[in-house]
Structure formats: structure tokens, C-alpha cells
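Colleague: I am new to this structure and would like a close look at a single part of it. Please take one long helix and its surroundings, then work outward from there.

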Amino acid sequence: MYSPNFDYYRARSVAEAQQLLAAHPGAKLLAGGHSLVPLMKLRLAAPSAVVDIGRVQELRGIARQGGAIRIGALTTHAELAASADLRSAAPAPGVYMLPWCSDPSQMKDPAVRKRYEDGPVAILTVMRNGMPNMGKYLGMWFLFCLLVSFVTSYVARHSLDPGAYGMEVLRLTGTVAFIGYGFGYVQDSIWKAVPWANSLRGILDAAIYALVTGLVFRFFWPAA
Ligand SMILES: Cc1cc2nc3c(=O)[nH]c(=O)nc-3n(C[C@H](O)[C@H](O)[C@H](O)COP(=O)(O)OP(=O)(O)OC[C@H]3O[C@@H](n4cnc5c(N)ncnc54)[C@H](O)[C@@H]3O)c2cc1C
């Protein structure tokens, strides 16, 4: 099926497109034509005039403007995907809250409240580019274990005497280590929306680490 007759105009600038639209009431803009042309062919749209903006250069491209990025209406997906400017403007590593409010007072704004109600509401951690470095993570975990063990021994040293009863050593050192390994998970679920099921698994791990820590202290605790 062919579309009804229409006048075709090609604009060379935004200003010219605006003039053409003003001069031809009911005219439709034509960008890529992927939606408008099929609609006209199916006679679901029948504009008397079409203003083609497909070659208006000022509507193309991606440009940095201070802290913002300007994306022209005619920029293609391929240009966006290949843009170094867009990639370099990606959020820096850190923790981000969505929807974003730069000031807590914005939470009263009805538009912001609607964004919260409609979602998604998220806490997003952006990491540095690159493959996960397991060696680094394991090294940091080892240092954390040393720290928990040091704090545990500090508390035990100032609470128990040499020759203390074995179960007493196990109970005290295990409890301190459990706090060190496990209580952070509870805070994550309270403040960072980490599901409680995840935290409970972490707390179970913490109980195992605490038991091992307690047993080590129990067996190596000095005699009187
Ligand atoms: C085979 C096929 C597959 C498709 N697949 C998808 C798909 O997977 N996902 C998807 O989202 N869409 C899809 N579409 C739809 C189409 O690709 C999109 O709607 C596309 O965004 C239309 O862009 P266009 O530049 O071709 O718009 P046009 O058809 O030129 O214009 C569409 C409408 O927007 C107006 N308009 C154009 N530019 C401007 C402007 N700068 N300012 C104000 N109004 C303007 C026009 O007047 C018109 O009413 C598909 C279409 C086809 C034919």
C-alpha cells in the first residue's frame, strides 16, 4: 500500500526545520523513517507534509559539556556503543543509590517519590574495570583474619588468666571472633538491603570461623 500524497522538505538545520514546521501545520518530522514511513504506508499516519531532519548535522554526535554529555537526537546506537566519551563518563568506582538524590531534602519532591515508588530502587557498587583479582581478595581476607585473631587475643589476654578452664577460653574467644566475622552481615541487611538469607549464610560461615578460632585458642592457651 502507498501512503497518501504529501509534501517532502529536507531541512539543513534545526532553525530551518522549525521554520518548515511552522509554515506547514500538521507536518511530521522524519528522522530515520523506520516508524513513520511504515505508519504512512499503512495509512495510520497521513501528514500533509514531511520535514526530513535526517541530514541535520547539528543533531548528530556526542559531546562533553562540562560535567554533562550531550547526545544529539540523530545519534545512532552504533555511535553510542563506540563512543570513548560515553565510556570515560561512566560512573567512577563507588557506591551509588538509585534513584539518586544529591540532597536529602529532595526526598520530599513528588517526582522523586514517584521514582522511588515505580522503582527500580537500588544500591549499586561500581567496581574498577578489569578481571576480578582473586589473589588480592585472598590476601586482604588473610589480613582481616589476622586482625580478628589479634582483637580476640587482646580481649582474652585481659580477661583470662593462664591455666583458665578450656571451655571458658573457647567460649570467650569464640564469641569475640563471632562478633568480628559475623555482625557486619547484620548491618549490611539493615542498611544496605542485602537479603537476610545472604546474611544468614554469612553468619553461618562466621560461626564456623569463630569455632575454629575458639578451638585454636583453647588448645594453645598457656597453662598456669
Ligand atoms: C523492522 C523494524 C524493526 C524495529 N525494531 C525495533 C526494536 O527492536 N525496538 C524499538 O524500540 N523499535 C523498533 N522499531 C521501531 C523503530 O526502529 C523505532 O521507533 C525508531 O526509534 C524510529 O526512529 P526513526 O529515527 O526511524 O523515527 P521516525 O520514523 O523518523 O520518526 C518516528 C516519530 O518520531 C518523530 N520524530 C523523529 N525525530 C524527532 C525529533 N528529533 N523530535 C521530535 N520528534 C521526532 C517523527 O515525527 C515520528 O512521529 C523497528 C522498526 C522496524 C521498521
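Modeller: Just after H7, alanine 193 takes a positive phi of about 60°. This is a predicted model, and the angle is computed from it. Alanine 193 sits in the loop between H7 and H8, and its positive phi belongs to a residue other than glycine. Most residues other than glycine have a negative phi. Alanine 193 counts as exposed because 10 other C-beta atoms lie within 10 Å, and the cut-off for exposed is 12 or fewer.

Helix H7 itself covers residues 166–191. Its 26 residues, at 1.5 Å a residue, should span 38 Å, and the C-alpha atoms at its ends are 38 Å apart, so the two values agree. H7 nevertheless has a kink of about 40°, centred on glycine 182.

Which residues of H7 are buried? They are Val169, Leu170, Thr173, Gly174, Val176, Ala177, Phe178, Gly180, Tyr181 and Tyr185. These buried residues pack against two helices, H6 (134–157) and H8 (196–220).

The nonpolar cores come next. The largest nonpolar core has 8 residues: Ala11, Ala17, Leu20, Leu30, Val50, Val51, Ile53 and Val56. Helix H1 (14–23) and strand S3 (49–52) are the elements that give two or more residues to this core. A second, separate core has 6 residues, including Val176, Ala177, Tyr181 and Ala206. Of these, Val176, Ala177 and Tyr181 are also among the buried residues of H7. In soluble globular proteins, nonpolar side chains tend to be buried together.

Leucine 30, a member of the largest nonpolar core, leads to the ligand. Apart from its neighbours within four places in sequence, leucine 30 is in contact with Leu36, Val50, Val51, Asp52, Ile53 and Gly54. Leu30, Leu36 and Ile53 are also among the residues around the ligand. The others in that shell are Lys28, Leu29, Ala31, Gly32, Gly33, His34, Ser35, Pro38 and Ala73. By type, the shell divides into 7 nonpolar residues, 4 polar and 1 charged. Strand S2 (28–30) and helix H2 (36–41) each supply at least two of its residues, and S2 gives the most, with 3.

Leucine 36 belongs to helix H2. Leucine 36 counts as partly exposed because it has 17 C-beta neighbours inside 10 Å, whereas a buried residue needs 20 or more. Leaving aside its neighbours within four places in sequence, leucine 36 is in contact with Lys28, Leu30 and Ala45. From leucine 36 to proline 47 is 11 residues in sequence and 9.9 Å in space, C-alpha to C-alpha.

Beyond H2, the backbone has another positive phi. Arginine 43, in the loop between H2 and S3, has a phi of about 60° although it is not a glycine. With 11 other C-beta atoms within 10 Å, arginine 43 is therefore exposed.

Two peptide bonds also deserve a look. Leucine 98 and proline 99 are joined by a cis peptide bond, with omega about -10°; proline 99 is in the loop between strand S6 (94–98) and helix H5 (110–118). Glycine 119 and proline 120 are likewise joined by a cis peptide bond, with omega about -5°. Proline 120 is in the loop between H5 and strand S7 (122–126).

Note on methods: Residues numbered from 1 in each chain as written. Predicted model: local features only at pLDDT ≥ 70, side-chain atom pairs only at ≥ 80, totals over all residues. Near = placed C-beta within 6 Å. Helix = DSSP H or I, 4+ residues; strand = E, 2+ residues; numbered from the N terminus. Nonpolar A, V, L, I, M, F, W, Y, C, P; charged D, E, K, R; others polar. Core = buried A, V, L, I, M, F, W, Y, C linked by C-beta atoms within 7 Å. Contact = placed C-beta atoms within 7 Å. Expected span 1.5 Å × (residues − 1). Bend = angle between axes of the 7 residues up to and from the residue.
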